[in-house]
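Trainee: I've just opened this one and could use a guided tour. Can we go through it together?

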Amino acid sequence: MIEPLIHVQNLVQRIGSQEILRGLTLDLFPGETLVLLGKSGGGKSVFLRHLVGLMRPVSGSIVFEGQEITKLKERELEPVRRKVGMLFQDGALFDSMNVFDNVAFPLRERGEKAVAVIREKVAQSLAMVNMAGHDHKMPVNLSGGMRKRVALARAIISPPDVILYDEPTAGLDPIVSDSINRLIRRLQRELSVTSLVVTHDLVSCNHIADRVALLDGGRIHFLGTPAELQETRDPIVRDFVDGRSGETVY
Amino acid sequence: MLSILNGLLAPLLTTLGELAMLAWETICSIARGRVRGRLTLKQIAEVGFGSQLVVVVTGAFTGAVFTAQAYFQFASLNMETAVGPVVALSMFRELGPALTGLMVAGRVGAAMTAEIGTMKVTQQIDALRALAVNPVDYLVVPRALAMFISMPLLVVECVGLGVLASYYVGVHVLNINGVYFFANVQRFAEGSDIMMALIKGFVFGGLIVFISCREGLCAKDGAVGVGRATTATVVTSSLAILIANFFLTMALNILFPAGQR
């Protein structure tokens, strides 16, 4: 039996008086692309932040490659974070640096000094996300889709074991969304990375997912393949898939 | 009554605790050599070089106006030549460090909070952490080192310009005897006064940088939150400088007693 790369057990998180996660349990296996669906504000991004220690749960455990990470101190999390690439919703590019310096940042921080090596790896990374030739642009001068691509180039420059995508296609037009989806697939194929994609975009889900999970009420309500998602009769899943709010129109 | 006290005390103690923890973490990082040379040099340019105009104007005009006021009072007692040492000692011991601190808090502290706060609310600090880079090492350590190096030098510059302006106004505008002016300044101002200015500059620099960085790192609620944090930095830093100045004066006067010449 394959051991999960990330094993999440009974994760609970509260923000103020609101219970965001209510005992979430989920496994992420090596090499797969798992898409986590759910309503806006349902706790998907909050869950993702727990996987790299950006948030601490109230209770529950997250085991990453056999190591429990919820109790680790900030500096003890650094080796785990080096194995994970994270794509934030709006890219979270450093706005004081141009595209080249943003992408080169992880390399420089990990001690790479050779200018030629940095230049070559940045060029490769940018080419992979179809952003070659934009090295000197500042983040403020990039479109939403371009920012996400650059952020992805930054996330993969030191090839990670896992990539966490937070709403990679949110706010993008269908054509740019499609190119991001293809990019996620390509990265999985070429770098053999494990991916967890948080989204509410069903088109994206059908394009990239090996497995799909639906987060509802702070728990995983459904877990299966994209085909099973389409076929299920579960009313909560059906409402989500068919886009029904359940509200009456007067 | 107890709840009001609790409402006032709890946030104050939380803030003080967070400041102490940030200062401790920064000092530990510096001690362990987690220093980024290029970023530190960039911050020194920002804090030191970028503050030249405000420090020059503050020092020169404070010295000039203080000289004029002291002269108007002392002239009626025929003590014009005491103006030089009075201005010099005041500039070294009090006005130079306090005014430099207030000006740097307004210019540099506010900018630090705005920059770090914007990074916080746009998830750039989360991105740093996700890339296994500690925000204290990357953002606070260079700023703290730059402040610790630059502030004492800025204070000395402010004091020096204040004394020079005092000499110019006193001797060339108000016709105080230049030889007496200079001799009295030399007679009364000592190395201990310079030490006091340097120590105060160092301490005020620490207050500004830790208050500014903490406010930035705790910023929330978008642009409004960054604005609030920036205002809080200027107000808190200024009050902290004025309060710390009193206690430092009392403490340093034990080490470097005034009036022992």
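Trainee: Let's start where the two chains meet. How many residues does the contact take from chain A, and how many from chain B?
Mentor: Keep in mind that this is a predicted model. Both chains feed into the contact, so count each side by itself, going by C-beta atoms within 7 Å. The contact takes 14 residues from chain A and eleven residues from chain B.

Trainee: Which element gives the largest share of the side of chain A that touches chain B?
Mentor: Two elements of chain A give two or more residues to that side: α2 (78–81) and α3 (99–109). The largest share is three residues, and it comes from α3(A).

Trainee: And what is that side made of, by class?
Mentor: Sort the chain A residues that touch chain B into three bins. The polar bin stays empty. The other two hold eight nonpolar and six charged residues.

Trainee: Since α3(A) came up, how does it sit against α5(A): at what angle, and how are the two helices oriented?
Mentor: Helix α5 of chain A covers residues 144–156. The axes of α3(A) and α5(A) are 7 Å apart, and the angle is about 30°. Angles under 35 degrees count as roughly parallel. Therefore α3(A) and α5(A) are roughly parallel to each other.

Trainee: Is that crossing left-handed or right-handed, and which residues of α5(A) take part in the contact?
Mentor: α3(A) passes α5(A) in a right-handed crossing. By class, the contact has six nonpolar, one polar and one charged residues. From α3(A) come A:V99, A:N102, A:V103, A:F105 and A:P106. On the side of α5(A), they meet A:V150, A:A153 and A:R154.

Trainee: α5(A) also packs with α6(A). What is the orientation there?
Mentor: Helix α6 of chain A runs over residues 174–191, and its axis is 11 Å from that of α5(A). The angle between them is about 10°. That makes α5(A) and α6(A) roughly parallel.

Trainee: Which residues of α6(A) make that contact?
Mentor: Split by class, the contact of α5(A) with α6(A) has seven nonpolar, one polar and one charged residues. α5(A) brings A:G145, A:K148, A:L152 and A:I156. The partners from α6(A) are A:V176, A:I180, A:L183, A:L187 and A:L191.

Trainee: Stepping back, what is the radius of gyration of chain A, and how does it compare with the globule rule?
Mentor: Chain A has nine helices and ten strands. For its 250 residues, the globule rule gives 18 Å, and chain A comes out close to that, so it is as compact as a globular protein of that length. The radius of gyration of chain A is 18 Å.

Trainee: Is A:V237 buried or exposed?
Mentor: A:V237 lies in helix α9 of chain A, residues 235–242. It has 21 C-beta neighbours inside 10 Å, and the cut-off for buried is 20 or more. So A:V237 counts as buried.

Trainee: Which residues is A:V237 in contact with, neighbours within four places in sequence left aside?
Mentor: Don't look to A:T194: it is 43 residues away in sequence, and the C-alpha atoms are 25 Å apart. The contacts of A:V237 are A:L214, A:F222, A:L229 and A:T232.

Trainee: Now chain B. How many helices and strands does it have?
Mentor: Read the elements from the N terminus on, and you get α-α-α-α-α-α-α-α-α. That gives nine helices and zero strands.

Trainee: How do α4(B) and α6(B) pack, and what is the hand of their crossing?
Mentor: These are residues 83–121 and 135–173 of chain B, with axes 8 Å apart and an angle of about 145°. Their contact has 18 nonpolar, six polar and one charged residues. The crossing is right-handed.

Trainee: Last one: how exposed is B:M195?
Mentor: B:M195 is in helix α8 of chain B, residues 191–217. Its C-alpha atom is separated by 8.6 Å from that of B:F256, 61 residues apart along the chain. Count the other C-beta atoms within 10 Å and you get 14. Buried needs 20 or more and exposed 12 or fewer, so B:M195 is partly exposed.

Notes: Residues numbered from 1 in each chain as written. Chains lettered and ligands numbered in written order. Predicted model: local features only at pLDDT ≥ 70, side-chain atom pairs only at ≥ 80, totals over all residues. Contact = placed C-beta atoms within 7 Å. Helix = DSSP H or I, 4+ residues; strand = E, 2+ residues; numbered from the N terminus. Nonpolar A, V, L, I, M, F, W, Y, C, P; charged D, E, K, R; others polar. Rg over C-alpha atoms; globule rule 2.2 N^0.38 Å. Axes fitted to C-alpha atoms, helices over the stretch in contact; angles between N-to-C directions. Parallel < 35°, antiparallel > 145°, perpendicular 65-115°, else oblique. Left-handed = near helix turned anticlockwise from the far one by under 90°.
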